[in-house]
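Work through the exercises below with the sequence and the coordinates open. Each task is followed by a stepwise solution.

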Amino acid sequence: MIDVGWICVGAVRAVYWLVMLVCNFLGYSPLWAQIAMKNRKMDNTRIRIPAHLAVCFTEEKLIDLNDVLELMDSCVATGIRQLSLYDPFGILVAQIEQIKQTCRLFNRVDLFSDGKSVHSNGLSNLQVNVLSRNMGKKALVEACKTLCLDDDQITVEKISKTLEDRFHLSDPDFLLQIGNVPTLCGYPPWNLRITEFLQSPRLPCSRRALDSCVEAFSHRDIRVGK
Amino acid sequence: MANNLTGEEEAGWFVAQQAQPWWQWLLRRFITSGPVPRHVAFVMDGNRRFAKTKLLGSVVKGHEKGFEQLAKILDWCNRFGIHEITVYAFSIENFKRSDEEVNGLMRLAEEKFQKLLNETEKLDEKRIRFCFYGNRTLLSDRLQKLMSDIEKRTEKFNRGRLNVCMPYTSRDEISRSFETIRKQVKEGKVDVNDINESMIDACLDSGGGGTTPDLFIRTSGEHRLSDFLMWQAADTHVYFDDVLWPEFGYYNLCKAILNYQYYRRTVEKLVSLKLEADDGPTSSNKWQMEINGNEATLIASKS
């Protein structure tokens, strides 16, 4: 006698086999396989939090003060210690007073505008440096002028130190390019030596969105020449 | 393209100018109907991973494959009308790699540079100028001599320009440029207040007639600059491709140029913002480096 139960099981197996065959042929992983692979990948990857996160706005319309303030909160919650906000249009530097007011009220943040200290909190969790075009090549020109007054040879270390001391510029571990335009818009060039880039259509200001960016950073393989 | 090459050409710098397959010709005609970048910079990354995944046995074999791919890409770029190409051949940081790999790479470079000098007819026919960027004092005397000979042999050529960065890092290049300026200041040839972006540009390795890249391409899925042309590419279109360098084919190059064409106007607008902001009194001075024998002098001209 033919067992109906066995026929059903066989039919299900055949359909499953056919789906897998088609997926393999087309190069797609079925949704459940993608989720399983993602979980396995995450289990094997240690989450690395970038100590210094940089944000480079490539489109003017994407700069929103409320989003920026929310991002600062998310950075504090994630454990990021330093945030550089580069805006080649100069909008954020123009709004530095508003950012300062909010920092005073809500965030435990040390705030810098183009390298100058604007607001300092003794118990700060985050250092924020708002950067304009002036901190790009122009800052390097200023560093060159300073170093040319010395009698000693100019070295890589001296340039890094001058930029850090005068303009509070240091190397970000991770840079988010906000917008679809694939350029760095003159972001301080000296500090992008081994910075990892990620392009995002909008600012990942919520904790969840920032976490997924940090997750992407954790998967990056950093070799520094080796 | 690869199957059109003879063994001799496959190992050399110039591939045969044969007819392209119809689909490449069609794609080229379509793409060249729009603006094409004049200068493209390549980070040739992924040779080692290619050697490992294809089980070539040694990473140096991967670098050899990478060089073969470079020769093909030079030919494709030439057909597209790309006038200047800069390639990141060897980073100063790469000296940290195993002795076997570093020595293998140096041997490969010596072999290829010697081959280039021997290809007299091809050099005269193509008329491409070869320049080397980087800190050459870190290389062997023989390699340094070969590089100087190539530069001297091709210095008058003007149909194209290939800049080979070896051993190079952008920070090293910028710091050497600063040091050149400092010496000029100390000798009283230049005033500190005259220092501007143009002066730093003139003192970089690219100062001798090189231009800033219009398109920066990095292969192998890594999304970073790795200390390559950081000054020159500060406002450039940056394009990342997931394929390994030896697998970077004609289709990938076309995709990169199409991407450049799509964003060209937007990137240009962003650069014009910078130029408006730079409208200062000292920034209008344009500088050029003139070298007479061992003496370098900065020459100013009002723009």
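**Exercise 1. Count the salt bridges between chain B and chain A, then check one of them.**

Step 1. The model is predicted. The count between chain B and chain A is five salt bridges.

Step 2. Take the side chains of Arg193(A) and Glu93(B). Their N to O distance is 3.0 Å. The cut-off is 4 Å, so a pair at this distance qualifies as a salt bridge.

Step 3. Now widen the search to polar contacts. Across the interface of chain B and chain A, 21 residue pairs are in polar contact, with both residues at pLDDT 80 or more.

Step 4. Assign the chain B side to elements. Those giving two or more residues are helix 3 (47–53), helix 8 (170–186), helix 9 (197–203), strand 6 (237–240) and helix 10 (250–277) of chain B. Helix 8 of chain B gives the largest share, 10 residues.

Step 5. Sort the residues of that side by type. There are 18 nonpolar, 10 polar and 18 charged.

**Exercise 2. How much area is buried between chain B and chain A, and which three residues of chain B supply the most?**

Step 1. List the participants. Chain B brings 46 residues to the contact, and chain A brings 46 residues.

Step 2. Compute the area. About 4100 Å² is buried between the two chains, and carbon and sulfur atoms give 61% of it.

Step 3. Rank the chain B residues. Arg171(B), Phe178(B) and Arg224(B) supply 18% of what chain B buries against chain A, more than any other three residues.

**Exercise 3. Give the strand order of the open sheet in chain B, and find its edges.**

Step 1. Six strands run in the order 3-4-2-1-5-6, with parallel pairing.

Step 2. Strand 3 (128–133) and strand 6 of chain B each pair on one side only, and these are the edges. The twist averages 15° from one strand to the next.

Step 3. Inspect one pair. Strand 3 and strand 4 (residues 160–165) of chain B are parallel over six bridges. Arg129(B) stands opposite Arg161(B) of strand 4.

Step 4. Add a helix. Helix 4 (residues 59–80) of chain B lies across strand 1 (39–43), strand 2 (84–88) and strand 4, at about 160° to strand 2 of chain B.

**Exercise 4. Repeat for the open sheet in chain A: what are the order and the pairing?**

Step 1. The order is 4-3-5-2-1-6-7 over seven strands, and the pairing is mixed.

Step 2. The edges are strand 4 (116–119) and strand 7 (196–200) of chain A. The twist averages 20° from one strand to the next.

Step 3. Strand 1 (residues 52–57) and strand 2 (residues 82–86) of chain A pair in the parallel sense over five bridges. Cys56(A) stands opposite Tyr86(A) in strand 2 of chain A.

Methods:
Residues are numbered from 1 along each chain as its sequence is written. Chains are lettered from A and ligands numbered from 1 in the order in which they are written. This is a predicted model: local features need pLDDT of at least 70, side-chain atom pairs count only at pLDDT 80 or more; totals for chains, interfaces and linings use all residues. Side-chain values use heavy atoms; hydrogens and water are left out. Contact means heavy atoms within 4.5 Å. Buried area is the accessible area (1.4 Å probe) that two parts lose on being put together, summed over both. A polar contact is a pair of N or O atoms within 3.5 Å; within protein, one must be able to donate a hydrogen and the other to accept it, and residues adjacent in sequence count only if both atoms are side-chain atoms. Helices (H or I, at least four residues) and strands (E, at least two) are DSSP runs, numbered from the N terminus. Ala, Val, Leu, Ile, Met, Phe, Trp, Tyr, Cys and Pro count as nonpolar, Asp, Glu, Lys and Arg as charged, and the others, Gly among them, as polar. Two strands pair if DSSP finds at least two bridges between them. Axes are lines fitted to C-alpha atoms, for helices over the stretch in contact, and angles run from 0 to 180 degrees between N-to-C directions.
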